[in-house]
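Thanks for sharing this one; I enjoyed looking through it. Here are some notes to read alongside the model.

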Amino acid sequence: MSDHNEYDDNAVVNASSNLHMNDLLAVRLSRRQALKGGVGVTTTALLGGFGLTACGGTDATDVASALALGFSAVAKNKNDVVTVPEGYQVSILHSLGDPLHYGDASWKNDGSETADSYNRRIGDGHDGMYFFGLSEDGKFDANRSDRGLLCVNHEYVVQPYALHPAGMTAGAARVPSEVEKEIYAHGVSVAEVKRTTGNDMGMVRGSKFNRRITSATEMAFAGPAKGNDLLKTKFSADGTKTRGTNNNCANGYTPWGTYLTCEENWLNVVGRAAGDDVKRDAKDVVSLKRYGLPENRKSPYQWDTAGSDDLFVRWSSSVVGASAAEDYRNTANNFGWVVEIDPFNNTSVPVKRTALGRFNHEGAWPAPAVVGQPIVMYQGDDARNEYIYKFVSKALWSASDVNGGLAAGAKYLDEGTLYVAKFNADGTGAWLELTHGKNGLDSTNALYAFANQGDVVINARLAADSLGATKMDRPEWGAVNPLNGEAYMTLTNNSNRIDPAATPTGVQLKPDAANPRYYSDTYTNADGSTKTNKGNPHGHIIRWKENAGSVAATKFDWDIYLFAAEEKAAADVNLSGLTAVNDFSSPDGLYFDPRGMLWIQTDDGAYTDVTNCMMLAAVPGKVGDGGKATAAGGTATIKGANATDSTVRRFLVGPKDCEITGVAVTPDGKTMFCNVQHPGENGSLAAPTSAWPDSQTTTGSTKRPRSSTFIVTRKDGGAIGI
């Protein structure tokens, strides 16, 4: 996700009084085994991201041959290019405004493209993505690398640059044509890609697979919330469908070959009128406030002010009609979901899979699919003090469902069990079940009276509050190691953590074992002034392994894989021993490629006085390869083995004012896709700070910066990173 969205996704709306880990019983640490070696790959073949045989529980150090980092670390810098290691090269695949089909003119660098054309152009704010191999008969092929479908999220509209001629027009009411363009610039792009020269890729303009899914595309609801009263609107009086997917941040994929796009900062576009509380019942008010939508809240984009057309009115969640079928009072409940898209069927209707819960969905990451075991998805709720979730399907995986499309999605994603994580101070954890009628999630619940399972998943945050889940430092991207099934999640930062010796007020939190650091960090602004950030400014990466290697387990063990920090920070801040080759701040994007190499991306506001955002490559160990530690502020925790130049290394640095986000690697490991979001966002049309992507190849370019997907290959044709 982006720290830089107009909606403040750092806003704290979780005021529940869940216990913190430093209030629990004394820490009991089990003996930790020393790191034996690096992650391995098989000697016969690379493991695919859609593995159909068991790999959970395998000790990564037992795999035959070691995977080693084989490039020189890129130095921190503030250049206006994507900097890659010696021997590597960068090309641009597509950028905001590039046409997917013939008939639309190329992007003109002046914002003159029509609103309607963005139904056929690449959208804005490139974010999560996935590469699906494409067979000659137009089906999903998990092993194909030279041809595929690339699905890319378009998270938000980057102001003030490329979309409009002169940026967003000021005023109390938005210009309809601008809002319409922004609606179509959100969502997802599906584009066919093919190898051209060497391992480089080009977009196949005009491909029958090329498609835009936007904030106006019709979508279906499925799962326990389908038809629920809380989903009913003027557009769908029976609560079975809606329009659009919005503020799509991270993503996921399925072993049957569909794309999962996840709705995060939808509060960018949803508002609510003053005086609306008295028109609601008490449950509605509790729910709306818990999800950050109090009365008299104006959305940053103010799409609902652009006129009386239903395209605009639907973005106000205010009660104006006699019933939910006459207005959009429930429009907020239509967002915050995981949306399944079949990229191989361009006429299919995307489906919002409600069994996976509703919150600020950063993404949904599958554990490796194992025949005869359930499908498992890990999820993060990206806001301070929010939670980590797991969904376990009722159906057991059958390889015959590959290429099953949305029908397979209905089988595996509409029925199952949703859990929320509780991290204990002794390095163990539990998955708490969010099922109506269990654990007090019923109509007698004092916090919120849950009427049915649809009510539970629509209000997953309130259900998690009720069960005492662990509040985390902004859970963002997750990833599952294909070699041993261990799951990782970035905890980007949290200014809400306070000195353990202080008394919390309001929504403040003391550190706990899973979110242990409290410290100060000084940032130097461009004008030479300084700002001191307190709490956990740089973030960390947590990981866990399921009990007995079972993805359906309700118990797990955890440690903190890496603590982000500046190289010169004190030892109790720089707990992972980072140096100049691998120090970083604010981990965000996270991805295991098919070989088991881990890629870590940053969305940083605490180290960009020194370097632009970056991506690192890592050869991770395993849960338990470190030991006990005491973090800055004095909180006891459990850490992984220290990073070294051999295990974590900076692979690239992005252009000015950007976020590096979204990454995918082809099954053969030779082509990498990656995104740059909001380059030059701190500048203006009058005084731009970036000209990327044009600056990648043209010195002195004055073109407007655009979010883009770029490709990294090795000049010698070898595999990336090794």
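**Notes on hairpin, sheet and cavities**

1. In this predicted model, a hairpin is formed by strand 31 and strand 32, with 5 residues between them. Have a look at Gly633 in the turn, which has a positive phi of about 105 degrees.

2. The two arms of that hairpin, strand 31 (residues 627-630) and strand 32 (residues 636-639), pair in the antiparallel sense over 4 bridges. As a landmark for the register, Lys628 stands opposite Ile638 in strand 32.

3. Elsewhere, an open sheet is built from 6 strands in the order 10-9-14-13-12-11, and its pairing is mixed. Strand 10 (241-243) and strand 11 (248-253) stand at the edges; each has a single partner strand, so one side of each is left without a neighbour in the sheet. From one strand to the next, the twist averages 35 degrees.

4. Within this sheet order, strand 14 is listed beside strand 13. Strand 13 (residues 338-341) and strand 14 (residues 351-353) run antiparallel and are joined by 3 bridges. Here Val338 stands opposite Arg353 in strand 14.

5. How many cavities of 30 Å³ or more are there? The count comes to 5. The second largest cavity has a volume of about 80 Å³.

6. Which kinds of residue make up the lining of the second largest cavity? The lining divides into 4 nonpolar, 4 polar and 3 charged residues. Among the residues that line this cavity are Leu230, Leu288, Ala332 and Tyr448, along with Arg280, Asp284 and Arg329. Ser287, Asn330, Asn333 and Asn459 also belong to the lining.

How values were computed. Residues are numbered from 1 along each chain as its sequence is written. This is a predicted model: local features need pLDDT of at least 70, side-chain atom pairs count only at pLDDT 80 or more; totals for chains, interfaces and linings use all residues. Side-chain values use heavy atoms; hydrogens and water are left out. Two strands pair if DSSP finds at least two bridges between them. Axes are lines fitted to C-alpha atoms, for helices over the stretch in contact, and angles run from 0 to 180 degrees between N-to-C directions. On a 1 Å grid over the protein atoms alone, a cavity is a set of points where a 1.4 Å probe fits but cannot get out, and a pocket is an open set with protein on both sides within 12 Å along at least five of seven lines; lining residues have an atom within 4 Å of a point. Grid points are joined across faces, edges and corners, and a volume is the space filled by probe spheres set on the points. Ala, Val, Leu, Ile, Met, Phe, Trp, Tyr, Cys and Pro count as nonpolar, Asp, Glu, Lys and Arg as charged, and the others, Gly among them, as polar.
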